[in-house]
Structures are given as structure tokens and as C-alpha cells.
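Work through the exercises below with the structure open beside you. Try each task before you read its solution.

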Amino acid sequence: MEQLKPCPFCGGEAYIYSFPVSVSTTCHAYYVKCKNCYAEYNFPQETKTEAVADWNRRADNGKQG
């Protein structure tokens, strides 16, 4: 799994957190949040890897320069 990039807003450290999808299941949804400014990518993902990929996506990804 990739390392989390710093927060795109403040440069702070980010972390992954999860919540149960429902009370009657062991499935979790994963999110990423900044420890400093509390910015978050709060579109739930089924895996930590997907949550990290979403957080690490930046506007300049894929641009050649």
C-alpha cells in the first residue's frame, strides 16, 4: 500500500480511519483525514488501498511537464 501524501491544504499528516457500514456487519468503509486541519476525503471506500489512492490523487496527476 502506498504512503499517504501530506494534506493538500496545510501539508499536515493524514491518517486512515474506518467505520462499520452497518451495525449488523463486519464490513467497514475507509476514509482519510488530516490530523492538523481536519480536511478529509470522506467518500467511503471498501479498502484502505482505495482510500489512500483517492487521498493521494492531485490535480496535477498525469500531467507531463
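**Exercise 1: The two salt bridges**

Asp-54 is buried, with a relative accessible area of 13%; buried means under 20% relative accessible area, exposed over 50%, and partly exposed in between (1.4 Å probe, protein chains only). This is a predicted model, in which local features need pLDDT of at least 70, side-chain atom pairs count only at pLDDT 80 or more, and totals for chains, interfaces and linings use all residues. Residues are numbered from 1 along each chain as its sequence is written, and side-chain values use heavy atoms, with hydrogens and water left out.

Task: Find which residue forms a salt bridge with Asp-54, then locate the salt bridge of Lys-35.

Solution.
- Step 1. Apply the criterion: a side-chain nitrogen of Lys or Arg within 4 Å of a carboxyl oxygen of Asp or Glu. Over the whole structure, the search gives two salt bridges.
- Step 2. The partner of Asp-54 is Arg-57, and their closest N and O atoms are 3.1 Å apart.
- Step 3. Lys-35 pairs with Glu-13, with 3.4 Å between the closest N and O atoms. This pair links distant parts of the chain, 22 residues apart: Glu-13 lies in the segment before strand 1 (14-20), and Lys-35 in the loop between strand 2 (28-34) and strand 3 (40-45).
- Step 4. Check the exposure of both: Lys-35 is partly exposed at a relative accessible area of 45%, whereas Glu-13 is exposed at 53%.

**Exercise 2: Elements and pairing**

Task: State in what order the elements of the protein chain run from the N terminus, and in which sense strand 2 and strand 3 pair.

Solution.
- Step 1. Take helices (H or I, at least four residues) and strands (E, at least two) as DSSP runs, numbered from the N terminus. The protein chain has one helix and three strands, in the order β-β-β-α.
- Step 2. Two strands pair if DSSP finds at least two bridges between them. Strand 1 and strand 2 have seven bridges, in the antiparallel sense; Ala-14 has Cys-34 in strand 2 as its bridge partner.
- Step 3. Strand 2 and strand 3 are also paired in the antiparallel sense, over three bridges. Here Lys-33 stands opposite Glu-40 in strand 3.
- Step 4. Five residues separate strand 2 from strand 3 in a hairpin, and Tyr-38 in its turn has a positive phi of about 70°.

**Exercise 3: The interior**

Task: Determine which element gives the largest share of the largest nonpolar core.

Solution.
- Step 1. Look for a set of buried Ala, Val, Leu, Ile, Met, Phe, Trp, Tyr and Cys residues joined through side-chain atoms within 4.5 Å. The largest such core has eight residues: Cys-7, Ala-14, Tyr-30, Val-32, Cys-34, Ala-39, Ala-51 and Trp-55.
- Step 2. Strand 2 and helix 1 (48-56) each give two or more residues to this core. The largest share, three residues, belongs to strand 2.
- Step 3. Six of the seven residues of strand 2 are buried, so strand 2 is largely enclosed by the rest of the structure. In the protein chain, 28% of the 65 residues count as buried.
- Step 4. List the contacts (heavy atoms within 4.5 Å) of one core member. Leaving out residues up to four places away in sequence, Cys-7 touches Gly-12, Cys-34, Cys-37, Ala-39, Trp-55 and Arg-58.

How values were computed
Contact means heavy atoms within 4.5 Å.
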